[in-house]
Amino acid sequence: MSEPERILLIEDDKRIREFVSSALEAEGYRVFEAGTAGWGASEAARHKPHLVMLDLGLPDRDGSEFIRDFRGWSTVPILIVSARADEKGKVEALDSGADDYLTKPFGVPELLARVRALLRRAPVQRLESNPIIEFGDFIIDCVGRTVSKAGQPIKLSQIEYRLLLAMAGNPGRVLTHRQLLVQVWGGQAADNHEYLRVYVGHLRQKIEIHPAQPRHILTEIGIGYRFQP
């Protein structure tokens, strides 16, 4: 007998968590719950869910920020379940890396249909998410959102952290300026290459031994950047 598929529900409203959990468990899914983004990241690392259901209005971090961080180390499908019905909010969440969007209030049949659709499309390798990224003497803890070198903490701004996570989570892959801008800042910044150039410079100062001759963050002229572990 195969194990039930695991779903992580990140929702700060306890009544909604209980309602959705009951509906999912009645369909045979195993559900884990979290009420904050930080709690959700810990549960994702611990239980390796097949699907994440996420509310955008979380008390400790906006849901879109959670998505951008989560996409640095996991490709597990994300279903947004939110009261935000405006087009701008939906576009931002989907551009950040979510796979589908369901607006509250919703009916249980539609919720279950969207869950089934996302799980059908999820490949097996999506279970291989690893919240720890290592390169050289560096360790990125994606749950604790910390970076250390040889055991000593490296102080990064939120933007610097997301930028490093976006690149280090895709080692050897060329990421275009637009891909990085959307993942780190969101879709509204997709054409502002100056943001990216400035923060790559900041990051090189903190990560590279010789920032003018970078070893890890390599420039692909006219295209973007490639991270070399």
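Trp39 is placed in helix α2, which covers residues 37-47, in this predicted model. The residue is partly exposed, since its relative accessible area of 39% falls between the limits of 20% for buried and 50% for exposed residues. When neighbours within four places in sequence are set aside, Trp39 is in contact with Glu33 and Ala34. Gly28 lies 11 residues from Trp39 along the chain, and the C-alpha atoms of these two residues are separated by 24 Å.

The loop that runs between α2 and β3 (51-54) contains Lys48, a residue other than glycine whose phi is nevertheless positive, near 45°. Lys48 counts as partly exposed, with a relative accessibility of 33%. A comparable backbone feature is found at Ala150, which is not a glycine but has a positive phi of about 50°; Ala150 belongs to the loop between β8 (146-149) and β9 (152-154), and is exposed, with a relative accessible area of 58%. Most residues other than glycine have a negative phi, and most peptide bonds are trans. Against the second of these tendencies, the peptide bond from Lys104 to Pro105 is cis, with omega near -10°, and Pro105 is located in the loop between β5 (100-103) and α5 (108-121).

The protein chain as a whole has 8 helices and 12 strands. For 229 residues, a compact globule would be expected to have a radius of gyration near 17 Å, and the value of 18 Å found for the protein chain agrees with this. The C-alpha trace spans about 55 × 40 × 30 Å along its principal axes, and 48% of the 229 residues are buried. Among contacts between residues at least 6 apart in sequence, 56% join residues at least 24 apart. The protein chain exposes about 11400 Å², of which carbon and sulfur atoms supply 50%.

Helix α6 (residues 158-168) is mostly covered, with 10 of its 11 residues buried; among them are Tyr161, Arg162, Leu165, Ala166 and Ala168. The axes of α6 and helix α8 (residues 193-207) come within 10 Å and cross at roughly 85°, and the two helices are therefore roughly perpendicular to each other. On the α6 side the contact involves Ile159, Glu160, Leu163, Leu164 and Met167, which meet Leu196, Tyr199, Val200, His202, Leu203, Lys206 and Ile207 of α8. By class, this contact of α6 with α8 has 9 nonpolar, 1 polar and 2 charged residues.

Helix α7 (residues 177-185) also packs with α8, at an angle of about 80° and with the axes 10 Å apart, so that α7 and α8 are likewise roughly perpendicular to each other. His177, Leu180, Leu181 and Trp185 of α7 make this contact with His193, Tyr195, Leu196 and Tyr199 of α8. By class, the contact of α7 with α8 has 6 nonpolar, 2 polar and no charged residues. Leu196 and Tyr199 of α8 thus take part in the contact with α6 and in the contact with α7.

Asp69 is found in helix α3, which comprises residues 63-70. With a relative accessibility of 4%, Asp69 counts as buried, the cut-off being under 20%. Apart from neighbours within four places in sequence, Asp69 is in contact with Arg61, Arg145, Tyr161, Arg162 and Leu165, and Tyr161, Arg162 and Leu165 are listed among the buried residues of α6.

Conventions
Residues are numbered from 1 along each chain as its sequence is written. This is a predicted model: local features need pLDDT of at least 70, side-chain atom pairs count only at pLDDT 80 or more; totals for chains, interfaces and linings use all residues. Side-chain values use heavy atoms; hydrogens and water are left out. Axes are lines fitted to C-alpha atoms, for helices over the stretch in contact, and angles run from 0 to 180 degrees between N-to-C directions. Helices (H or I, at least four residues) and strands (E, at least two) are DSSP runs, numbered from the N terminus. Angles under 35 degrees count as roughly parallel, over 145 as roughly antiparallel, 65 to 115 as roughly perpendicular and the rest as oblique. Contact means heavy atoms within 4.5 Å. Ala, Val, Leu, Ile, Met, Phe, Trp, Tyr, Cys and Pro count as nonpolar, Asp, Glu, Lys and Arg as charged, and the others, Gly among them, as polar. Buried means under 20% relative accessible area, exposed over 50%, partly exposed in between (1.4 Å probe, protein chains only). The radius of gyration is taken over C-alpha atoms; the globule rule is 2.2 Å times the number of residues to the power 0.38. Accessible areas come from the Shrake-Rupley method with a 1.4 Å probe; for residues, only the protein chains shown count as cover.
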